Amino acid sequence: MKDWAKETYGDLWAPYYDEIYPAVDNSAIVLLAGYAGEPARALELAIGSGRVGLPLSHSGVEVVGIEASQEMISLLRAKPGGGDIEVIMGDFADVPVGERRFPLVYLVFNTLFALPSQQRQIECFANVAAALEPEGRFVLEGFVPDLGRFDRHNTRMGVSSISTNQAHAYELSIHDPVDQTVTSHTVRRLEDGKTVVLPVVLRYAWPAELDLMARLAGLELENRWDWYDRR
């Protein structure tokens, strides 16, 4: 398994992840719990620090997670209830759950796009389909690409926050429109004057492309919403 998750969005992000990303919207927990079956069970791909998995577990769903970064797993384990969630160490695209089947598999926060190629994303869909019970659901969250964010050189520099006189954050990105990849550095200057560089590499896919990946895996589109509240 390539250590892209450990080297980039996993271990390097872990010290700052929970500070940067707030608690999940409760509407996500309500929607996911509604698809978790009876008894309620769910598999989260790339569970990370438990931003979604922990509140879903607290709602009464038995959550199993897959995660590639030991640092992120340590964040999860340190939180109340984090030790009660089974976490499988591995690449979430492989869905390494053996013969187990779930009524719900979910992948949130645009994380499918962390898989570096179309082929790997297709493989993820196929492996998810194999891990679903009959009539099971795959809930997938992904942004709709906005290529207007990039200039004519397919680059971008944007300020994301200025929180105090000492602290700010900005992003540097290069866009490859052929491979549909974006390579970014999120640069954060902290209150103590330290500067950290947090790398992100993603391969985005359009909604129609995701639908095709699903069909290739034997899945069909049931709903498409703008948010978990079904807007």
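## Close-ups of a predicted model: spaces and strands

**View 1. A closed-off space of about 320 Å³.** The largest cavity in this predicted model has a volume of about 320 Å³. The structure holds just one cavity of 30 Å³ or more. If you go looking for the residues around it, 25 of them make up the lining, and Y9, A46, G48, E67 and T111 sit nearest the centre. Three elements hand over two or more residues each to this lining: α1 (4–10), β1 (41–45) and β2 (62–67). The top contributor is α1, with four residues. As for chemistry, the lining of the largest cavity splits into 16 nonpolar, five polar and four charged residues.

**View 2. Five strands in an open sheet.** Reading across the sheet, you get the order β3-β2-β1-β4-β5, and the pairing is parallel. At the edges are β3 (86–89) and β5 (132–140), each of which pairs on one side only. Neighbouring strands here are turned by 20° against each other on average, ignoring direction. Zoom in on β2 and β3: this parallel pair is joined over four bridges. To spot one partnership, find I66 and look over to its bridge partner I88 in β3.

**View 3. A hairpin made by β6 and β7.** Strand β6 (residues 155–162) and strand β7 (residues 168–176) run antiparallel, with seven bridges joining them. Between the two strands of this hairpin lie five residues. A handy landmark is V159, which stands opposite Y170 in β7.

**View 4. The largest pocket.** This one has a volume of about 1,200 Å³. Its lining counts 35 residues, and those closest to the centre are F138, L140, L221, N223 and R224. Both β5 and α7 (207–216) supply at least two lining residues. Strand β5 gives the most, with eight residues; that's the edge strand you met in View 2. What kinds of residues line the largest pocket? They divide into 20 nonpolar, five polar and 10 charged.

**View 5. The second largest pocket.** Here you're looking at about 860 Å³ of space. A set of 40 residues lines it, with F143, E171, S184, V200 and L202 nearest the centre. Plenty of elements chip in: α1, β6, β7, β8 (181–189) and β9 (195–203) each supply at least two lining residues. Some of these names should ring a bell: β6 and β7 form the hairpin of View 3, and α1 also helps line the largest cavity. The lining of the second largest pocket sorts into 24 nonpolar, nine polar and seven charged residues.

Terms used: Residues numbered from 1 in each chain as written. Predicted model: local features only at pLDDT ≥ 70, side-chain atom pairs only at ≥ 80, totals over all residues. Heavy atoms only, no water. 1 Å grid on protein atoms, 1.4 Å probe; cavity = no way out; pocket = protein on both sides within 12 Å on 5 of 7 lines; lining within 4 Å. Points joined across faces, edges and corners; volume = space filled by probe spheres on them. Nonpolar A, V, L, I, M, F, W, Y, C, P; charged D, E, K, R; others polar. Pairing = 2+ DSSP bridges. Axes fitted to C-alpha atoms, helices over the stretch in contact; angles between N-to-C directions.
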